[in-house]
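Please look over the sequence and the model below before reading on. The paragraphs that follow lead through them step by step.

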Amino acid sequence: MEQSETVVTTVTIGQRGRLILPAQVQRATGITQGARVAVRTAPDGTITIEPLWAVRARLRATYSPLLTDHLPLYPARLHAGGLGVDADPGDLGPVLHPLPERDPGSGRRVYRDDQRVVVTARAVLAWLTAGPGSLVEYALPNAVLPEAGVGELITVLARAGAHQDADALLAELAVIGLRLPSPAKYRTTLAEDTAIALELTQDAVRAGYTITLPDALCAATALRLEAPLVAADLLTPAS
């Protein structure tokens, strides 16, 4: 949604800090009952209310040009991760096995909007240029980006000369729903996840592919959380 007009008005704060937006403000911003918004305060007393669609649009407009040369080659795809696989997963094994976005029989999307999912850093980057209705568009508000993915995302920003924007980008992604586990929580599972990640890299090699260690660690997290994995450019054919 795009804002169609500029509205300037005055409202009165009610009991318990309740704020009722006039109808013209709701029409101009798309903020209606049940809509999620970001609320920010500034040291000068300014309060900003921003609908999440506007946050998403602003992030894409800001970071897509900065990261043009660092975006994935292909759209994000769904992988089994910690979900069971009915079909033979082949040499890749069940964790890295790609899944169709839609059930071949019913045509319905395999991924549910309210389902927790683990994403890789490159899936987040793919989101910057993904169109409406894409897999990663639905997944990001319920996604977990493991610490290994956070580190890779910061590395990409540094390579693009935008490392100073890392904290701001991560904070904005958290506003739209992306969950970032704390480093302390990550350390408690690091040894287990690393062991699984190394096994996954070996599975990929046996199948004729390579996978980066950060992506393998994200896949290991998906396995531990019993969640699907959304990744972009996950596997590269071995040369």
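How many salt bridges does the count come to? In this model, which is predicted rather than determined by experiment, the count comes to 10 salt bridges, and several of them will serve as landmarks once the strands and helices that carry them have been introduced.

A good place to begin is the pair of strands E1, residues 37-41, and E2, residues 47-51, which pair in the antiparallel sense over five bridges. Strands of a sheet pair through backbone hydrogen bonds, and they may do so either parallel or antiparallel. One of the places where this pairing can be followed is Val39, whose bridge partner in E2 is Ile49. The hairpin of E1 and E2 has five residues between the strands, and in this hairpin Gly45 takes a positive phi near 95°.

Several side chains of this region belong to a nonpolar surface patch of about 570 Å², which is made by Val11, Ile13, Leu19, Val37, Val39, Ile47 and Ile49. The elements that give two or more residues to the patch are E1 and E2. Leu19, by contrast, has its place in the segment before helix H1, which covers 23-29. Because its relative accessible area is 35%, and the partly exposed class lies between 20% and 50%, Leu19 is partly exposed.

The strands E1 and E2 also hold a salt bridge, in which Arg40 and Glu50 bring their closest N and O atoms to 2.7 Å from one another. This pair links distant parts of the chain, with Arg40 in strand E1 and Glu50 in strand E2, 10 residues apart. How do the two partners stand with respect to the surface, buried or partly exposed? Arg40 has a relative accessible area of 25% and is therefore partly exposed, whereas Glu50, at 13% relative accessibility, counts as buried. The two residues also take part in a network of salt bridges that links Arg40, Glu50, Arg58 and Glu172.

We can turn next to an open sheet formed by four strands, which stand in the order E3-E7-E4-E5 with mixed pairing. Strand E3 (77-79) and strand E5 (143-144) stand at the edges, and because each has a single partner strand, one side of each is left without a neighbour in the sheet. Strand E4, residues 117-119, runs parallel to E5 and is joined to E5 by two bridges; one of the pairings to look for is that of Val117, whose bridge partner in E5 is Ala143. Helix H8, residues 213-225, packs on the sheet, touching E4 and strand E7 (229-231), and the direction of H8 makes about 170° with that of E4.

The loop between E3 and E4 contains Pro98, whose C-alpha atom is separated by 6.0 Å from that of Leu78, although the two residues are 20 residues apart along the chain. Apart from its neighbours within four places in sequence, Pro98 is in contact with Arg77, Leu78 and His79. At 26% relative accessibility, Pro98 counts as partly exposed.

Helix H8 leads to another salt bridge, for Arg224 pairs with Asp193, with their closest N and O atoms 2.8 Å apart. This pair, too, links distant parts of the chain, since Asp193 lies in helix H7 (residues 183-206) and Arg224 in helix H8, 31 residues apart. Asp193 is buried, with a relative accessible area of 0%, while Arg224, at 30% relative accessibility, counts as partly exposed. A further salt bridge joins Asp203 to Arg206, and here the closest N and O atoms are 2.3 Å apart. Because Asp203 and Arg206 are three residues apart in helix H7, about one helical turn separates them. At 18% relative accessibility Asp203 counts as buried, whereas Arg206, with a relative accessible area of 56%, is exposed.

Two residues remain that deserve a look at the backbone. Most residues other than glycine have a negative phi. Arg16, however, has a positive phi near 60°; this residue is found in the segment before H1 and, at 83% relative accessibility, counts as exposed. Glu226 likewise has a positive phi, near 55°, and lies in the loop between H8 and E7, where, at 61% relative accessibility, Glu226 counts as exposed.

Technical notes:
Residues are numbered from 1 along each chain as its sequence is written. This is a predicted model: local features need pLDDT of at least 70, side-chain atom pairs count only at pLDDT 80 or more; totals for chains, interfaces and linings use all residues. Side-chain values use heavy atoms; hydrogens and water are left out. Two strands pair if DSSP finds at least two bridges between them. Contact means heavy atoms within 4.5 Å. Axes are lines fitted to C-alpha atoms, for helices over the stretch in contact, and angles run from 0 to 180 degrees between N-to-C directions. Buried means under 20% relative accessible area, exposed over 50%, partly exposed in between (1.4 Å probe, protein chains only). Patches are made of residues with over 30% relative accessible area and no salt bridge: like charges are joined within 9 Å, nonpolar side chains (Val, Leu, Ile, Met, Phe, Trp, Tyr) within 5 Å. Accessible areas come from the Shrake-Rupley method with a 1.4 Å probe; for residues, only the protein chains shown count as cover. A salt bridge is a side-chain nitrogen of Lys or Arg within 4 Å of a carboxyl oxygen of Asp or Glu.
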